[in-house]
Amino acid sequence: MEKKIRNNMLIISVLVVLITYICSGISLYWSMMASLDREVKGIASQISLILKEDTDAFSQMSVFSESRITLIESDGTVLYDSIKDSLTLENHLNRPEVQRAFEKGEGRSLRFSASQDTQTYYYAVVLGNGICLRIASETHSLNAVFRSGLFVTTIAVLLVLVAAVQFSRKFTQKIIQPINQIDFDHPKENKVYPELEPLLENLERHEAMRKEFSANVSHELKTPLTSISGYAEIMANGLVKDEDIPVFAQKIYDESRNLFHKIEDIIKISRLDESKLPFQLEDVNLRAVIESVLEHLESQIEKKNITVQLELTDVIAKGIVSVTEEILYNLIENAVKYNKVNGTLIVRLSENLHCVHIEIEDTGIGISEEDLPRIYERFYRSDKSHSQQIEGSGLGLSIVKHGLFLLNGEIKVESTLHQGTKFMIDLKKHA
Ligand code: ADP
């Protein structure tokens, strides 16, 4: 984190210094040129006044020794030049500033020296007598302006780099310190930055869910254990007639199996909770998984005399075998458990280019409209399944949902009370 902050700071600081350097260089150059223009214009108006009084007053031009002054006739012949002998000078009509002055009254141009460090600014104006007065003044070029600021700018960049490194270290510590001091047992009580509020809310929600899960687990395990110890106590006190002992023993056996299944489901969901992506994806033969689940449930299917209809194609999907087995086992087991005697169970498996589609349909007790939105909640069991004394932990569909999340799959359900339920799964073929 410190490295990231430091690098960003370095980039921003250097950019700021460079942009400031470029902008101030350009604005300095502009203001320098504007004042030069004002200056040469001032000289031009003074010379025009002198020449008005005395047309041959060339000697007085030396007052303006810093600028080169040239007087040019309308045909381009140089009448006077303050630096060179006018007779040695060529015709000046082709000079851009002179041409422009004869056209528009005044003209300007800029010519660079060979070194590009200096440049000459030319200002030409046509006087009342038709003669063109040209003033040339040497000044620094933009190049030279930038070069003059280079040393100071380099020092500034170095200072800024050192400051950014120091500042980023302090800044990172300042950000990190309150995060390290967060009390994870009471996330909402922490006073950190507003930006961390969503994280703290998430932690709080997680903590609440964890507490609720533990409370539910204890409650779910206590119920069958209470029955088991109750039956066992009655038997131990000799309160059960000999002929009733098998009945009580069966009850203890059923409750202990119930307890066993619940513990198994709790372990499964905890394991899924702890699972971290990415998994090693493998080929899953879905047809084989469905057939193996049905084989495991054979005795329950026979007990209820359920007719199984299979509409399966050979589909291989990329996924996790154990998770896929878990999902299909829970859904098919529910379709058997909540089915009616002599009911029907239909399993369909199909695929298209990207997706695998699985349907598990039963003609069982169905799910009411109020129960439907809650069936994936942990430990949720509808009143109907309770009243019909169907064994279960209420964790099966949470396991399904969790598993599908890992496989990037989706589930939908349609159900009509007393008529049946259809679960539809879409799995990505390549997860
Ligand atoms: P359980 O262990 O109770 O079966 P699940 O999480 O698998 O737990 O299911 C939650 C509840 O959803 C069940 O108690 C039941 O009321 C309802 N349910 C799930 N599948 C079916 C189904 N195929 N037909 C009717 N009800 C179902």
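Let's start with charge: the protein chain carries 47 positive and 61 negative side chains. The centres of those two sets sit 3 Å apart. Keep in mind that this is a predicted model.

**Overall shape**
- The chain has 431 residues, and a compact globule of that length would have a radius of gyration near 22 Å.
- This protein chain comes out at 47 Å instead.
- Lined up along the principal axes, its C-alpha atoms fill a box of roughly 150 × 50 × 35 Å.

**Fold and contacts**
- Looking at secondary structure, you'll find 10 helices and 12 strands in the protein chain.
- Take the contacts between residues at least 6 apart in sequence: 62% of them join residues at least 24 apart.

**Surface and burial**
- About 26000 Å² of the protein chain is exposed.
- Carbon and sulfur atoms supply 56% of that exposed area.
- As for the inside, 38% of the 431 residues count as buried.

**Cysteines**
- A disulfide is a covalent bond between the sulfur atoms of two cysteines.
- How many disulfides does the structure hold? The count is zero.
- Cys-23 is partly exposed, because its relative accessible area of 45% falls between the 20% cut-off for buried and the 50% cut-off for exposed.
- Cys-355 has a relative accessible area of 23%, so this residue counts as partly exposed too.

Conventions
Residues are numbered from 1 along each chain as its sequence is written. This is a predicted model: local features need pLDDT of at least 70, side-chain atom pairs count only at pLDDT 80 or more; totals for chains, interfaces and linings use all residues. Side-chain values use heavy atoms; hydrogens and water are left out. Helices (H or I, at least four residues) and strands (E, at least two) are DSSP runs, numbered from the N terminus. The radius of gyration is taken over C-alpha atoms; the globule rule is 2.2 Å times the number of residues to the power 0.38. Buried means under 20% relative accessible area, exposed over 50%, partly exposed in between (1.4 Å probe, protein chains only). Contact means heavy atoms within 4.5 Å. Accessible areas come from the Shrake-Rupley method with a 1.4 Å probe; for residues, only the protein chains shown count as cover. Lys and Arg count as positive and Asp and Glu as negative; His and the chain ends are not counted. The place of a charge is taken as NZ of Lys, CZ of Arg, CG of Asp or CD of Glu. A disulfide is a pair of cysteine sulfur atoms within 2.5 Å.
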